[in-house]
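Here are a few short exercises on how strands are arranged in a sheet. Keep the sequence and the model at hand as you work through each solution.

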Amino acid sequence: MPIEPGDGVTIDYVGRLDDGTVFDTSRREVAIEVGLAQPGDIEPEEYASLAFTVGESEIIEGLDEALVGMTEGETATVTVPPEKAYGEHEPDRVREYDPETFEGMVGQQPAVGLHVHAQNGLHGDVTAVTEDSVEIDFNHQLAGETLTFEIEVVEVRD
């Protein structure tokens, strides 16, 4: 029976960027193979099949839409443009702070790659540090990216 909005599904997936880099997967063996994880470091639930309800905005829109009409056991490769994934990269979501203000807000010295949680609930990554400024990008790390997913429908539930 084809998947419809409101159906519960369980999928396995491998998510790739345009250059082929795997950014996420539900498959433990793929995570180990591409270096996302080390065999001894993986918690059992860390790389597990993903269960959700189709059409309930529990996953990115493009992947949710692609599942409609698929059936249990079916596999597909789905390309999801930024507007149906994590949105376009928005330059106004990149902010600069002076180092003292940054340290006061975050409680530590700035460093490129540091992930921060702002008081307003936003999450961001430090992308540049100079003597006079700290740049934080509050866009999702996959904003602006076209994503390709290899998916397998493991189970469909009414």
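**Exercise 1. Find how many residues the hairpin between strand 7 and strand 8 uses.**

Step 1. Strand 7 passes into strand 8 through a hairpin of four residues. Strands (E, at least two residues) and helices (H or I, at least four) are DSSP runs, numbered from the N terminus.

Step 2. This is a predicted model: local features need pLDDT of at least 70, side-chain atom pairs count only at pLDDT 80 or more, and totals for chains, interfaces and linings use all residues. Residues are numbered from 1 along each chain as its sequence is written, and side-chain values use heavy atoms, with hydrogens and water left out.

Step 3. Strand 7 and strand 8 run antiparallel and are joined by four bridges; two strands pair if DSSP finds at least two bridges between them. Aspartate 125 has aspartate 137 in strand 8 as its bridge partner.

**Exercise 2. Work out the strand order of the open sheet, and why strand 5 and strand 6 each have a side without a neighbour.**

Step 1. Strand 5 pairs with strand 8 in the antiparallel sense over four bridges, and tyrosine 97 has valine 134 in strand 8 as its bridge partner.

Step 2. Strand 6 pairs with strand 7 (residues 123-129), also antiparallel, over three bridges. Here valine 116 has glycine 124 in strand 7 as its bridge partner.

Step 3. The four strands of the open sheet therefore follow the order 5-8-7-6, with antiparallel pairing. Strand 5 (94-97) and strand 6 (115-117) are at the edges with a single partner strand each, so one side of each lacks a neighbour in the sheet.
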